[in-house]
Amino acid sequence: MREFWRNYRRNRGAVLGLVILALVLAIAASAPLLFPGNPWDMAGMPFAPPGEMGMLLGTDSLGRDLAAGIAHGARVSLLVGAVSTVAALAIGVSLGAIAGYLGGLADDLVMRFTEFFQTIPSFVLAILIVAIFTPTLGSIVFAIAIVSWPPVARVVRAEFLSLRSREFVQASEVLGKSRLSIVLGDILPNALSPIVVLSSLMVASAILLESALSFLGLGDPNTMSWGFLIGSGRSVIRIAWWMSVFPGIAIFLTVLSLNLVGEGLSDALNPRLARNRGGKP
């Protein structure tokens, strides 16, 4: 762990991303304390500019506190991003492990199944799924997970294909270990590095996808999210720019921090690759 953190700290952008992400998580966790009450309640006059009437970021068209909406919306956006990523990892890792370890017919079937999902535009498929199941947090998480797992399956398959012929795997097979024990105990721990890096990027993509769905009116109408805030302000952006700008900045900073953290994890888990990229011998 000491070596990991030492390698991670060498990337200043990754450290900055971690600080921003920690700040966003802290705001999301402390939202009920910072802004007690319901973020849907009217808190002042409609279209109050930032700083007026005690509203740090102003109010929306119904007089709701925009800062409270962003803080409470962070909880929903981060939750959707994390849960959908976990679900996508569960699907992708399982299918990728089956294809990479078993090979042959199982590999062909899994890859053809994966390619089928990759031929459909991800955003269009997500819209279709949410529209069919009605917009709720559950359907949004399900839709994002369904469109996010194919890249995971391909990465895991490639790692398993390169690891299954290693000596330690062959030794486990000679010792009579079961296939499940070999996959979970021997191969998967050695394939975690690219999965960890990919998962941080998947959370960022999931947040963007949830925001896009909410912007189009396909978000959960009973929950506050960043995409909903931007969508509610698009029709009045000329007279109340803050309604769309501040939630957009929140999305930008969160996605940027996750991408920086992902780059830092890649450098920390693959220090030799990071040195080569930096031009060092």
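The following paragraphs describe the fold, annotated segments, nonpolar cores, pocket and cavity of a predicted model.

The protein chain consists of 281 residues, of which 46% are buried. Its secondary structure amounts to 13 helices and zero strands, and the order of elements along the sequence is accordingly written α-α-α-α-α-α-α-α-α-α-α-α-α. Along the principal axes, the C-alpha atoms occupy a box of roughly 75 × 45 × 30 Å. Among contacts in the protein chain with a separation of 6 or more, 70% join residues 24 or more positions apart.

An unreviewed UniProt entry assigns the annotation "domain: ABC transmembrane type-1" to residues 74-262. In the model, this stretch is 81% helix and 0% strand, and its end C-alpha atoms lie 20 Å apart. Under "transmembrane region", the unreviewed UniProt entry also lists residues 78-102, 123-147, 195-218 and 239-261. Two of these listed segments, residues 78-102 and 195-218, are described here. Residues 78-102 are 100% helix and 0% strand, with 36 Å between the end C-alpha atoms. For residues 195-218 the helix content is 88% and the strand content 0%, and the end C-alpha atoms are separated by 30 Å.

The largest nonpolar core holds 41 residues, and the members that touch the most others are Val-156, Phe-160 and Ile-187. Two or more residues of this core come from each of helix 4 (66-102), helix 5 (104-118), helix 6 (122-133), helix 7 (137-163), helix 9 (179-187) and helix 10 (192-215). Helix 7 makes the largest contribution to this core, at 13 residues. When residues up to four places away in sequence are not counted, Val-156 touches Gly-92, Val-93, Gly-96, Ala-97 and Ile-195. A further core of 32 residues lies apart from the largest one, and its members include Ile-70, Val-197, Val-236 and Trp-242.

The largest pocket contains about 360 Å³ of space. Its lining is made up of 18 residues, and those nearest the pocket centre are Val-24, Ile-27, Ile-70, Ala-250 and Leu-253. Helix 2 (12-29), helix 4 and helix 12 (242-269) each give two or more residues to this lining. Helix 12 provides the largest share, five residues. By residue class, the pocket lining comprises 17 nonpolar residues, one polar residue and no charged residues. Ile-70 thus appears both in the core of 32 residues and among the lining residues nearest the centre of the largest pocket. Helix 4 likewise recurs, as a contributor to the largest nonpolar core and to the lining of the largest pocket.

One cavity of 30 Å³ or more was counted in the model. The largest cavity has a volume of about 30 Å³. It is lined by Pro-39, Asp-60, Arg-64, Asp-65, Leu-66, Gly-69, Met-224 and Leu-229. These lining residues divide into four nonpolar, one polar and three charged. The charged residues of the cavity lining are Asp-60, Arg-64 and Asp-65, whereas the lining of the largest pocket has no charged residues.

How values were computed. Residues numbered from 1 in each chain as written. Predicted model: local features only at pLDDT ≥ 70, side-chain atom pairs only at ≥ 80, totals over all residues. Heavy atoms only, no water. UniProt positions renumbered as here; feature names shortened; annotations may be inferred. Helix = DSSP H or I, 4+ residues; strand = E, 2+ residues; numbered from the N terminus. Core = buried A, V, L, I, M, F, W, Y, C linked by side-chain atoms within 4.5 Å. Buried < 20%, exposed > 50% of the residue type's maximum accessible area, 1.4 Å probe, protein only. Contact = heavy atoms within 4.5 Å. 1 Å grid on protein atoms, 1.4 Å probe; cavity = no way out; pocket = protein on both sides within 12 Å on 5 of 7 lines; lining within 4 Å. Points joined across faces, edges and corners; volume = space filled by probe spheres on them.
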